[in-house]
Each structure stands twice: as structure tokens, then as C-alpha cells.
Amino acid sequence: MSAVLAPVAGTVVALADVPDPVFAQQIVGSGIAIDPERAESTVVAPADGRLLKLHPHAFVLLTGEGKGLLVHLGIDTVQLEGAGFELLAAEGDEVTAGTPIVRWNPAEIEAGGRSPIVPVVVMDSAPDSVRANATGTVRVGDEIFAV
């Protein structure tokens, strides 16, 4: 099993508490969410792998074990069409845990009327199959669960 690290600093919350039914009902997969600190920050790779998909508001990292990790920056942020996000990596890049991927400001997302919460999901995993290794406040790089 490989550790999955917090891509952002904030407070761990259950996926059930994400204000989006796709994540709350674990339709994409099981995982956790992080309510991020409200300050400009850099989102980092939560594990070693290849950036399979990279959008300004979300990315999918394929681990060496063949697991897809989805990191989604805020809810309904696809509607921003990249505004407020700065890409620091490129799709297809091989990265290590902690590599900067996207710069953003959760306070601006919230000021725009959207939730800045960050689901971190193991794609196509069974509901409730991911157990959080962290509760409460996490710093960037803290282990949040293992895959």
C-alpha cells in the first residue's frame, strides 16, 4: 500500500459532507475531502505517479499501482473555465508526492459563491473502501489515507 498525502492544508471532512451528490454519494469513488485554508496556496501531488488528466480545477494522478487519484479543487469550479487557477505542471508529467501542480486561492472561490472543498478520491473504488488516516487539521504532505 502507498500513502496518499494531503494535497492542501485544511480540515479533513467526510465525503458525505461535500456539497455535491457525485462526491457525497461516492459515485466517482471513495476517499475523503479537505476543507482548505482560505489563503492563496499551491496544490501538490498527493502521491508519486503520472498526471493522467490536468484541468485548472481538477487533476487525476495515476499511481504506480494503477490507482487513479482524483483531486478536485472546489465544487462547480469547472464553471470558472480556469479563472483563478494557475497550472504548474502539464498533463503526462511524471511527478513525485509534493510536486506543485496548481496554484489557487480558496478564499476567492468562496467569495464567488462556490465551496472550495477539495475531494481526494480513489477513482472507481467501492463506497466506503477508503479509510482516512487523518482527522481534524492536516498540513500539506500529511498522510490522509493509503491505497
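**Exercise 1. Classify E110 and examine its salt bridge.**
Task: State whether E110 is buried, partly exposed or exposed, and find which residue it forms a salt bridge with.

Solution.
Step 1. In this predicted model, E110 has a relative accessible area of 39%. Buried means under 20% and exposed means over 50%, with partly exposed in between. E110 is therefore partly exposed.

Step 2. E110 forms a salt bridge with R38, and the closest N and O atoms are 3.0 Å apart. This pair links distant parts of the chain: E110 belongs to helix 2 (residues 106-111), while R38 sits in the loop between strand 3 and strand 4 (41-44), 72 residues apart.

Step 3. R38 has a relative accessibility of 34%, so R38 also counts as partly exposed.

**Exercise 2. Extend the picture to a network.**
Task: Find which residues are linked with R38 in a network of salt bridges.

Solution.
Step 1. The side chain of R38 also meets that of D35 in a salt bridge, at 2.8 Å from N to O.

Step 2. D35 has 28% relative accessibility and therefore counts as partly exposed.

Step 3. R38 takes part in the bridge with E110 and in the bridge with D35. D35, R38 and E110 are thus linked in a network of salt bridges. As a general point, side chains of opposite charge can pair when their charged atoms come close.

**Exercise 3. Describe another bridge.**
Task: How many salt bridges does a search of the whole structure find, and which parts of the chain does the pair E86 and R103 link?

Solution.
Step 1. The search finds four salt bridges.

Step 2. One pair is E86 and R103, whose side chains meet at 3.0 Å from N to O. The pair links distant parts of the chain, with E86 in strand 8 (residues 85-87) and R103 in strand 10, 17 residues apart.

Step 3. E86 is partly exposed, with a relative accessible area of 39%. R103 is partly exposed too, at 28% relative accessibility.

**Exercise 4. Map the largest nonpolar core.**
Task: Which residues of the largest nonpolar core touch the most other members, and which strands each supply at least two residues of this core?

Solution.
Step 1. The core has 32 residues, and I101, I144 and F145 touch the most other members.

Step 2. At least two core residues come from each of strand 3 (29-36), strand 5 (49-55), strand 6 (58-62), strand 7 (68-72), strand 10 (100-104), strand 11 (118-123) and strand 13 (143-146).

Step 3. Take I101 as an example. With neighbours within four places in sequence left aside, the contacts of I101 include V43, V44, L51, L54, F59 and E86.

Step 4. Another core, of eleven residues, lies apart from the largest one; V18, A58, I117 and V121 are among its members. In soluble globular proteins, nonpolar side chains tend to be buried together.

**Exercise 5. Describe the largest pocket.**
Task: What is the volume of the largest pocket, and which residues of its lining are the closest to its centre?

Solution.
Step 1. The volume is about 160 Å³.

Step 2. The pocket is lined by 15 residues, and those closest to its centre are A14, L15, A16, G31 and I32.

Step 3. By type, the lining divides into ten nonpolar residues, four polar and one charged.

Step 4. Strand 2 (10-13) and strand 3 each supply at least two lining residues. Strand 3 gives the most, with three residues.

**Exercise 6. Compare loop residues.**
Task: For T77, Q26, E81 and P127, decide whether each is buried or exposed.

Solution.
Step 1. T77 is found in the loop between strand 7 and strand 8. At 1% relative accessibility, T77 counts as buried. Leaving aside neighbours within four places in sequence, T77 is in contact with H57, H72, F85, I109 and R114.

Step 2. E81 lies in the loop between strand 7 and strand 8. E81 has 75% relative accessibility and so counts as exposed. Its phi is positive, near 50°, although E81 is a residue other than glycine.

Step 3. Q26 is in the loop between helix 1 (21-24) and strand 3. At 14% relative accessibility, Q26 counts as buried. Q26 is not a glycine, yet has a positive phi of about 55°. Most residues other than glycine have a negative phi.

Step 4. P127 is found in the loop between strand 11 and strand 12 (137-138). At 54% relative accessibility, P127 counts as exposed. Leaving aside neighbours within four places in sequence, P127 is in contact with Q26 and S30. The C-alpha atoms of P127 and G31 are separated by 8.5 Å, with the two residues 96 apart along the chain.

Terms used: Residues numbered from 1 in each chain as written. Predicted model: local features only at pLDDT ≥ 70, side-chain atom pairs only at ≥ 80, totals over all residues. Heavy atoms only, no water. Core = buried A, V, L, I, M, F, W, Y, C linked by side-chain atoms within 4.5 Å. Buried < 20%, exposed > 50% of the residue type's maximum accessible area, 1.4 Å probe, protein only. Helix = DSSP H or I, 4+ residues; strand = E, 2+ residues; numbered from the N terminus. Contact = heavy atoms within 4.5 Å. 1 Å grid on protein atoms, 1.4 Å probe; cavity = no way out; pocket = protein on both sides within 12 Å on 5 of 7 lines; lining within 4 Å. Points joined across faces, edges and corners; volume = space filled by probe spheres on them. Nonpolar A, V, L, I, M, F, W, Y, C, P; charged D, E, K, R; others polar.
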